[in-house]
Amino acid sequence: MIRVEDRPLARATAERLSAWQAELDAVDDYERRVEAALEAYRLRSRTKVFEDVRSTLRSMCSGLERCGYCEDGPAHHIEHIWPKSRYPERTFVWLNLLFCCGDCNERKNDRFAVIREGTLHELPRQTKGRRTPPPQGQPAIVDPRREDPLEFLELDLVDTFFVEPRVGLDERSRLRARYTIDVLQLNRREVLVEGRRDALRDYELRVQDYASLGPRAPQGQRERLLREIARLRHRMVWEEMKRSPDLVEGLRSCLESAPELASI
Ligand SMILES: [Zn+2]
């Protein structure tokens, strides 16, 4: 999981989202506000406005339109990082939307937790007719639209290929990192773990190919390899390789001799 670089929505789209959100915010009862949010989203996510939302989110994905959480599956679903069924005030908030794959969408669903007084509180399941506002507190999930997940998470590139909380985090950040890993099942899905292992090899091979290009290599060949690296899955593998270049044989010298690689 890496940070999703923001791209601005078209002005008219941003204005529509703000207006729709204002309509929901004007509903004074929490339960009715949630019902209104679910219905409004159901209807409005099919409009032309959301075609622009989708295409902008798509342009922000890593690799070939990969999921903003796991970086493996194709991103097709608009995910509300703060679930709209609990936080209707974020239903049409641009920074609350993320393109993710069906698998991550299903696993996270409307799960959410907050940290209050140093303790993690998972929000209880909501049922229609018995909705209550969530407790105050800092969200537990690391938010790739607003935060840099690499400050919380690290990837074991040598042995397990698991995502783990970064060494040296304070207790609150460690809780958040652990919750994020668990709720998205980043290590329990074998396809992700093996995908990262394969990705390391793919990145290594292409970096070696790039580094072995002689000074007379055509510019088009260089650009093609750079493009291929940018399109690979599991972008976190590449980011971790750049953060810890000594873990991969020869990578430090490749990055030093071809600094353009570091900017991918
Ligand atoms: Zn995913």
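1. Let's start with the sheet. In this predicted model, three strands make up an open sheet, ordered β4-β3-β5, and their pairing is antiparallel. The edges belong to β4 and β5 (138–139); each has a single partner strand, so one side of each is left without a neighbour in the sheet.

2. A helix comes next. Helix α5 (residues 171–183) packs on this sheet, where it touches β3 and β4. If you look along β3, you will find that the direction of α5 makes about 170° with that of the strand.

3. The pairing of β3 and β4 is worth a closer look. Strand β3 covers residues 113–116 and strand β4 covers residues 119–122; the two run antiparallel and are joined by four bridges. To pick out one pair by eye, go to Val114, whose bridge partner in β4 is His121.

4. Do have a look at the turn as well. The hairpin of β3 and β4 has two residues between the strands, and Glu117 there takes a positive phi near 50°.

5. Now to the domains. The domain assignment of the protein gives two entries: domain 1 spans 11–183, and domain 2 spans 190–263. Taken over C-alpha atoms, their centres are separated by 30 Å. The contact draws 14 residues from domain 1 and 19 residues from domain 2.

6. What is the make-up of the side of domain 1 that touches domain 2, in nonpolar, polar and charged residues? Eight of its residues are nonpolar, two are polar and four are charged.

Conventions
Residues are numbered from 1 along each chain as its sequence is written. This is a predicted model: local features need pLDDT of at least 70, side-chain atom pairs count only at pLDDT 80 or more; totals for chains, interfaces and linings use all residues. Domain bounds come from an automatic or database domain assignment. Two residues are in contact if their C-beta atoms, placed from the backbone, lie within 7 Å. Ala, Val, Leu, Ile, Met, Phe, Trp, Tyr, Cys and Pro count as nonpolar, Asp, Glu, Lys and Arg as charged, and the others, Gly among them, as polar. Two strands pair if DSSP finds at least two bridges between them. Axes are lines fitted to C-alpha atoms, for helices over the stretch in contact, and angles run from 0 to 180 degrees between N-to-C directions.
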